Each structure stands twice: as C-alpha cells, then as structure tokens.
Amino acid sequence: MPRILVLFSLIVPVLAVLWVCRSFLPTFDLVASFPLSWPLAVHPDVKSAQRTHDVSDVAQQPLQAADLHRHYHDATAPNVVHPEPVEGQFKRTIVAVGDLHGDMPNARKVLQMADVVDDEGNWSGNVDFFVQTGDIIDRGDDTIKLYTWMDQLRDQAVAVGGTVLTHLGNHEWMNVIGDWRYVHASEIKTFGSVAARQKMLTTGRIGRSWAANYTTTSRLPLHPSLGQPNTDYDPATDSVSTSPLSHAAYSFVHGGLAPTYPDLTPFPSRINGLSSSLLHKLQHRDPQPPPHPPNPYPGLPRDATHEEQRLYGADGPLWYRGWALDPEEKVCMEVDDILNRTGTRRMVMGHTPDFQKIVSRCGGKIIIIDTGISHAYGGALSALSVAYTLTPLTPSSDAREQKWKEREVIKALYVDREVILADDEREIIGDFF
C-alpha cells in the first residue's frame with residue numbers, strides 16, 4: 001500500500017502540470033480531440049474488445065486552433081441574436097443536441113445556452129425545431145427526470161408551433177432488450193427496483209413515450225414545400241424532381257446511415273417501420289427476461305425478422321461508427337450516395353464522441369454532435385445550431401421566375417464560444433410557396 005501512495009504522489013503532480021500547460025502545447029489538445037475507444041459501448045455481438053483507436057486510421061478534419069478563434073464572437077457565453085425579419089423571407093431555426101447520458105444539470109445548461117429553453121427550463125419559443133439524437137439513458141442517474149423533461153418540452157413546443165424530435169439511441173435499445181451493462185446501481189434505485197425499472201421502460205410511462213414519440217431516424221426539411229418532418233423521400237420516384245429544394249433536408253440518427261445498410265429507403269419510413277415493429281416485440285415480451293448482467297444476455301426476440309436483426313446490427317443506424325472513424329477520403333467518397341438516396345444535404349449523428357468539439361467532415365455533409373456532455377465523460381457542453389433562410393431577390397411578375405437567395409448557417413455552440421461550421425449561399429429560381 002505505501003508503494004501505491006508513493007506512485008500516486010509522483011503521478012498526480014505531473015498530470016497537474018501537464019493539464020495547466022496544455023494551452024501552451026497544441027499537441028495535448030490534438031491528442032485530446034481524438035475520439036476515445038475505451039468508453040464506447042460495444043455491440044453485444046462483438047466478442048473481442050472494442051478496437052483500439054488508430055490515429056493513422058482517422059482523419060476527422062479537426063478544426064485547427066486558428067479556426068477555433070477565427071469564428072469567436074466574444075470571449076464569454078454565446079449571445080443569441082434574433083435579427084429583424086426581412087419582408088418575404090422564410091426562416092427556419094434548428095438546434096440539435098447529442099448524447100446526454102443521465103445528466104440533467106448539464107442537459108439544462110446546454111439547452112439554455114442554445115436558447116431552446118428559458119431560465120426555468122421551459123420551451124423558449126425561439127427555435128422552430130429541437131432535435132435530440134438519442135442516448136438519454138445510462139451512465140448517469142437522471143433517466144426519469146430527462147425523459148419527463150423531454151415530454152414536457154414536446155408539449156410546450158407544440159402549443160406555440162414548435163417541434164421536438166427525439167430519437168432512440170443504441171443505449172435505449174440496449175435497455176429494452178435487457179442489456180444493462182452500462183446501468184449504474186444508483187440509477188436503478190431512482191426507479192425503486194429492477195422490476196420497476198423494467199416495467200417503466202417497457203409498458204410504463206417511459207416505454208410508452210418511446211413507442212409514441214421516439215424514432216430511430218428523421219428527415220427534417222429546411223423548407224415546408226418538402227412537407228412535414230419525416231415526409232418520405234423515395235429515390236425510385238422522387239429522384240426525377242427538378243426542384244432546387246428537393247434535397248433541402250437533414251437526416252438525424254444516433255449512429256449512422258451506413259453505405260452497406262440495405263433498408264435505407266424509402267427514407268425515413270423504412271427504418272422507422274422496422275424500429276416500431278421491433279420495439280413493440282421487445283416491450284411486450286411476457287415475461288420480460290432478467291437483465292444482463294448478472295443474467296445471460298437475452299438477445300432479440302425469437303420472432304424478430306432478419307430485417308429487424310439487421311436494424312440492430314453493427315452496420316445498422318444505431319451502432320454504425322464509420323462516418324466518425326473511417327478515413328476522410330473514404331467517407332467523402334461515400335457520403336454523396338447516401339445523401340442522394342435519402343433526399344438530404346447533410347447527415348447529423350451522435351454516438352461517437354469527440355470530447356472537445358462537434359466534428360464536421362466533408363464540408364459539413366457529415367456532422368457528429370456527441371461531445372460527451374454528461375459528467376460521466378467530462379466533455380464539452382455543446383449544441384448544433386442551424387439557421388436557414390430563403391430571401392426574395394429581384395421581384396418577378398411570374399412566381400415561377402422568382403429569384404431567391406438560399407442560405408444555411410451552421411454553428412457549433414459552446415459555453416465560451418461559437419464556431420461556424422458552414423455558411424453556404426446560393427441563388428435559386430422557382431415558386432416555393
């Protein structure tokens with residue numbers, strides 16, 4: 001025991017010095033920006049440990065230190081500015097947040113920082129859409145509080161014309177399957193017992209909300225001419241559209257839409273239909289299998305179809321990490337095909353954390369928003385902000401010949417700064433109203 005204390009007495013001061021000096025040594029920030037493999041959930045079919053992160057295998061297009069300062073608006077918390085509307089202009093604002101993992105205080109800080117909620121934690125009315133990409137559960141004790149809050153925000157948003165889109169992450173699915181490897185004993189106590197927790201997540205209040213209000217993926221149009229959220233895009237029929245807004249939408253998912261995944265379209269109804277079917281089977285098993293550990297891993301129901309099994313597979317939308325971990329050249333070669341097939345311009349996902357920043361790849365076509373918000377990780381408090389505008393230019397007597405300026409401003413919001421990830425403009429012609 002004395003030797004251990006001596007060892008700690010030597011290591012702790014060294015680590016403290018390195019931490020203090022990290023701002024003077026860019027290498028430390030560079031290393032810290034790589035996504036770590038050790039805290040990541042491992043798919044139950046993977047027998048070996050999660051593969052070690054190889055720096056040479058990943059080119060995440062990290063923002064350089066100069067870029068981080070280039071887009072600072074001030075040295076304090078971001079100031080949310082609501083500019084005066086322009087006559088005839090359409091505007092849509094979206095805020096998206098990644099994995100929350102059982103941490104209500106940090107979730108409140110993030111949503112307040114992004115102007116989604118006010119000081120009391122209520123819907124602010126200052127954004128049109130709030131999107132959460134899954135993994136609200138596990139690694140922390142605030143499971144009940146967080147899902148209750150999401151339901152409250154959903155109701156408050158609808159009352160004033162806003163929308164909350166929530167998604168099931170791999171951890172929600174793990175828990176309903178009975179894979180409780182990342183559940184803390186202290187969190188189980190907040191439910192009262194193992195049995196009470198199982199009931200709450202299946203046929204109880206949280207489980208019912210999952211079935212009614214949570215999807216596995218979403219397609220969110222930037223403009224109402226594309227329809228409501230989750231209006232399908234089917235490449236077999238919609239690809240013939242000549243509208244310049246045909247792909248003016250984002251996809252949201254927890255893990256990722258893999259190039260090898262076969263059940264992508266029509267998007268998003270094909271994935272969400274499989275999700276609803278599998279969730280119903282899991283929630284209505286009778287009796288529910290005892291959770292793993294300490295009991296054996298229960299797996300999917302025997303009557304799960306091949307397509308439902310693939311949904312939960314390693315290249316399914318819940319577990320896929322390729323967009324975050326594969327080399328830049330590879331993902332940039334593959335991303336356009338997925339965007340074309342899903343009728344989208346960008347894909348937004350969580351699941352694979354970078355503990356310093358939101359990661360943008362391939363010119364903002366791929367955006368990974370998991371920054372380890374929960375205290376379990378100690379990462380960055382962050383949110384993704386999208387401001388979309390469609391502004392009329394030269395007036396035209398023929399609505400079909402009306403010229404418009406389309407603009408997307410995408411920012412990563414942090415407690416002490418905001419970073420512009422993309423600011424894209426283009427002129428288009430057409431009648432969109």
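Which side chains meet in a salt bridge at 3.0 Å, N to O? Let's keep that one for Exercise 1, after a quick word on the model.

This is a predicted model, where local features need pLDDT of at least 70, side-chain atom pairs count only at pLDDT 80 or more, and totals for chains, interfaces and linings use all residues. Residues are numbered from 1 along each chain as its sequence is written, and side-chain values use heavy atoms, with hydrogens and water left out.

**Exercise 1. Find the pair from the opening question, then look at two further salt bridges.**

Step 1. A salt bridge here is a side-chain nitrogen of Lys or Arg within 4 Å of a carboxyl oxygen of Asp or Glu. The structure holds 23 of them.

Step 2. The pair you want is Asp416 and Arg417, whose side chains meet at 3.0 Å, N to O.

Step 3. Now for accessibility: buried means under 20% relative accessible area, exposed means over 50%, and partly exposed is in between (1.4 Å probe, protein chains only). Asp416 has 38%, so it's partly exposed, while Arg417 has 12% and counts as buried.

Step 4. Try Asp398 and Arg400, which form a salt bridge at 3.3 Å, N to O. Asp398 is partly exposed at 26%, and Arg400 is exposed at 59%.

Step 5. Asp263 and Arg270 also form a salt bridge, at 3.2 Å, N to O. Asp263 is buried at 10%; Arg270, at 30%, is partly exposed.

**Exercise 2. Describe the surroundings of Leu274.**

Step 1. Locate Leu274 in helix H11, residues 269-283. Helices (H or I, at least four residues) and strands (E, at least two) are DSSP runs, numbered from the N terminus.

Step 2. Leu274 has 8% relative accessibility, so it counts as buried.

Step 3. List its contacts, meaning heavy atoms within 4.5 Å. Leaving out residues up to four places away in sequence, Leu274 touches Tyr261, Asp263, Glu307, Glu308 and Leu311.

Step 4. Check a distance: the C-alpha atoms of Leu274 and Arg310 are separated by 9.7 Å, though these residues are 36 apart along the chain.

**Exercise 3. Work out how Glu408 is linked to other residues.**

Step 1. Glu408 sits in strand S11, residues 403-414, and is buried at 5% relative accessibility.

Step 2. Glu408 belongs to a salt-bridge network with Arg345, Arg346, Glu406, Asp424 and Arg426.

Step 3. There's also a polar contact of 2.5 Å between the side chains of Glu408 and Tyr250. That term means a pair of N or O atoms within 3.5 Å; within protein, one must be able to donate a hydrogen and the other to accept it, and residues adjacent in sequence count only if both atoms are side-chain atoms.

Step 4. Beyond four places in sequence, the residues that Glu408 touches include Leu222, Ala387, Tyr388 and Ala422.

**Exercise 4. Lay out the sheet.**

Step 1. Strands of a sheet pair through backbone hydrogen bonds, either parallel or antiparallel. Two strands pair if DSSP finds at least two bridges between them.

Step 2. Here 7 strands form an open sheet with mixed pairing, in the order S4-S3-S2-S1-S10-S11-S12. S4 (214-215) and S12 (418-429) are at the edges with a single partner strand each, so one side of each has no neighbour in the sheet.

Step 3. Strands S1 (residues 90-97) and S10 (residues 382-392) run antiparallel, joined by 7 bridges. Within S10, Leu390 is the bridge partner of Phe90.
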